[in-house]
Amino acid sequence: MDEWQVEMAEIRRRLHELDKQRGDPVIIDELEAQLRILEAFYATAWRVFEAGAEDIALRREFRELGWGDWTYQNVYSYIYERAMEIEPGRRELSSLIPEMDYAGMIHAGQA
């Protein structure tokens, strides 16, 4: 289990406890939103990371942009930085994260 999975498991545990204790609905809503965002980052980073396994140019361009070697942690960091630029408007960030074309951004030279 990696550090992201541990963090998500901890949030799920806290949500379960709050649910059992009929905890503050505001806190529950915040934790659920946080979990959705973490899950979106995690799944999206894996999708992009796996795409790079078969795309030599993507890995090279990623390194040329200054993000280092093609590791899951570096890909996650790249996605996180790009996602922080998203203007969610009325939508949740968790729904927008997987919609972005991160590989396309790397190919286009967007550091």
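Is Arg 22 buried or exposed? Arg 22 is exposed, with a relative accessible area of 76%, in this predicted model. From there, a good place to go is helix 2, which spans residues 25-52 and gives the largest nonpolar core its largest share, nine residues. Here is a short tour, topic by topic.

**The way into helix 2**

- Arg 22 sits in the loop that joins helix 1 to helix 2.
- The phi angle of Arg 22 is near 55 degrees, which is a positive value in a residue other than glycine.
- Asp 24 comes in at the start of helix 2, where one of its side-chain oxygens reaches to within 2.9 Å of the backbone nitrogen of Val 26.

**Helix 2 itself**

- Helix 2 has 28 residues, and from first C-alpha to last it reaches 41 Å, close to the 40 Å expected at 1.5 Å a residue.
- Its buried residues include Ile 28, Leu 31, Leu 35, Leu 38, Phe 41, Ala 45 and Val 48.
- An α-helix has 3.6 residues a turn, so residues three or four places apart point the same way.
- The cover over the buried residues of helix 2 includes helix 1 (3-20), helix 3 (56-67), helix 4 (72-83), helix 5 (93-96) and helix 6 (102-107).

**Leu 38, a residue to click on**

- Leu 38 belongs to helix 2 and has a relative accessible area of 13%; this is under 20%, so Leu 38 counts as buried.
- Leaving out residues up to four places away in sequence, Leu 38 touches Glu 7, Met 8, Ile 11 and Tyr 76.
- Val 75 is 37 residues from Leu 38 in sequence, and their C-alpha atoms are 14 Å apart in space.

**The largest nonpolar core**

- This core holds 32 residues, and those touching the most other members are Phe 62, Trp 70, Tyr 76, Tyr 78, Ile 79, Ile 97 and Tyr 102.
- Helices 1, 2, 3, 4, 5 and 6 are the elements that each give two or more residues to the core.
- Ile 79 touches Phe 41, Thr 44, Ala 45, Val 48, Ile 97 and Tyr 102, again not counting residues up to four places away in sequence.
- In soluble globular proteins, nonpolar side chains tend to be buried together.

**Ser 94, a buried serine**

- Ser 94 is part of helix 5 and is buried, with a relative accessible area of 11%.
- Its side chain makes a polar contact with the side chain of Glu 92, at 3.1 Å.
- Beyond its neighbours within four places in sequence, Ser 94 is in contact with Arg 36, Ile 37 and Ala 40.

Note on methods. Residues are numbered from 1 along each chain as its sequence is written. This is a predicted model: local features need pLDDT of at least 70, side-chain atom pairs count only at pLDDT 80 or more; totals for chains, interfaces and linings use all residues. Side-chain values use heavy atoms; hydrogens and water are left out. Helices (H or I, at least four residues) and strands (E, at least two) are DSSP runs, numbered from the N terminus. The expected span of a helix is 1.5 Å times one less than its number of residues. Buried means under 20% relative accessible area, exposed over 50%, partly exposed in between (1.4 Å probe, protein chains only). Contact means heavy atoms within 4.5 Å. A polar contact is a pair of N or O atoms within 3.5 Å; within protein, one must be able to donate a hydrogen and the other to accept it, and residues adjacent in sequence count only if both atoms are side-chain atoms. A nonpolar core is a set of buried Ala, Val, Leu, Ile, Met, Phe, Trp, Tyr and Cys residues joined through side-chain atoms within 4.5 Å.
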